[in-house]
Amino acid sequence: YFITPNKSVSVRDDEDEKKRHTKRNFLFLHVLSREIKKIRKIYNHPHISLIHTDSETIEHKRVRKELEHEIESIIQRTREEIFKKIKSHLRTYHPNLLKSQRNAVLAQIESYDDAAFDRMFTSCQIIELNRREKEKKYDGEGNLIEDEEYHLPQEIRYQKPALSAIVVGGSRVSRGLTLKGLTNTWFTRSAKLPNYDTMLQMARWCGYRKINDINYNDLVRIFTTKTLAQGFTTIAQVEKSLRTQLDQFSDETDPVEESVWIQAHERFRI
């Protein structure tokens, strides 16, 4: 995704661009890509989007509440307004979708009754993936009150076959965590001097995007900063070079005797 120009990566450094790409737009994109998967007969498989903007739990809580508010706000609108927004997103974020699939997904959404239409959004679970200590709260008379925030989903439960979820978090989601069915990613936080291996671990959108031999890697969308995009480009090129060298080995090659070079870059630790 970061070596050749494509429609999957969008850099969002400009302030006007950031304002245009709101949480509402991300929510619509999550819903729309799930509907496209259905048209491709991808059923009973998790559909996940990821938001990682900060390491602080207070920010994750703010983002979660904003997404929940957006869901409530969207379903208060008329079907015509929502459908118009969906068509706009289809043109903006999936311009290369086959015309037959574009028409099919629009027809599918139009066919939903009102309850099913709303469920496109209300069935989306917002998961704040953090470890949070249980806070003790008391009422005016000194009685202990259960902390509702503590009982929010803090793990991804895949028991529901067709799980639809937007995962918000910090260190736990920044690297090293597999998210099944990850399709859309809003990733804007980076280390000041990242390691090569952690840059690779951050890139969860890389991997196998195929279910029952049906491909959906063209639906992947990544929203990030210019600095991070350059970092992912660098590490992709480094890994490509390393693989090319290893491809030259034969069954008779002694890896202890061979030199394999890893290119150093100024803004990285190898």
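**Exercise 1. Decide whether Phe-2 and Phe-232 are buried or exposed, and describe how their rings are arranged.**

Both Phe-2 and Phe-232 are buried in this predicted model. For Phe-232 the relative accessible area is 3%, and a residue counts as buried when that value is under 20%. The next step is to look at the rings, whose centres lie 5.1 Å apart with 40° between the planes. Planes under 30 degrees apart would count as stacked and planes over 60 as edge-to-face, so the pair of Phe-2 and Phe-232 is tilted. Finally, the two residues are 230 residues apart, with Phe-2 in the segment before strand E1 and Phe-232 in helix H9.

**Exercise 2. Work out which kind of aromatic pair Phe-187 and Phe-232 form.**

The ring centres of Phe-187 and Phe-232 are 6.5 Å apart and the planes meet at 75°. Because planes over 60 degrees apart count as edge-to-face, this pair is edge-to-face. The pair links strand E7, which holds Phe-187, to helix H9, which holds Phe-232, across 45 residues. Phe-187 is buried as well, with a relative accessible area of 1%.

**Exercise 3. Find which strands are joined to E7 by bridges, and in which direction they run.**

Begin with strand E2 (residues 47-52), which runs parallel to E7 and is joined to it by five bridges; here Ile-51 has Trp-186 of E7 as its bridge partner. Then turn to strand E10 (residues 221-224), which also runs parallel to E7 and is joined to it by four bridges, with Arg-221 of E10 as the bridge partner of Asn-184. As for E7 itself, six of its six residues are buried. Trwo further details concern aromatic residues: Trp-186 belongs to one aromatic cluster with Phe-26, Tyr-93 and Phe-223. The other is that the charged end of Lys-37 sits over the ring of Tyr-216, 4.2 Å from its centre.

**Exercise 4. Compare the salt bridges of Glu-35 with Lys-38 and of Asp-218 with Arg-40, asking where the partners lie.**

In general, side chains of opposite charge can pair when their charged atoms come close. In the pair of Glu-35 and Lys-38, the closest N and O atoms are 3.3 Å apart. These two residues are three residues apart in helix H2, and are therefore separated by about one helical turn. Glu-35 is buried at 1% relative accessible area, whereas Lys-38 is partly exposed at 22%.

In the salt bridge of Asp-218 with Arg-40, the closest N and O atoms are 2.8 Å apart. Asp-218 lies in the loop between E9 and E10 and Arg-40 in the loop between H2 and E2, so the pair ties together parts that are 178 residues apart in sequence.

Definitions and conventions. Residues numbered from 1 in each chain as written. Predicted model: local features only at pLDDT ≥ 70, side-chain atom pairs only at ≥ 80, totals over all residues. Heavy atoms only, no water. Phe/Tyr/Trp six-rings, centres within 6.5 Å; stacked < 30°, edge-to-face > 60°. Buried < 20%, exposed > 50% of the residue type's maximum accessible area, 1.4 Å probe, protein only. Lys NZ or Arg CZ within 6 Å of the ring centre and 35° of its normal. Pairing = 2+ DSSP bridges. Salt bridge = Lys/Arg side-chain N within 4 Å of Asp/Glu carboxyl O.
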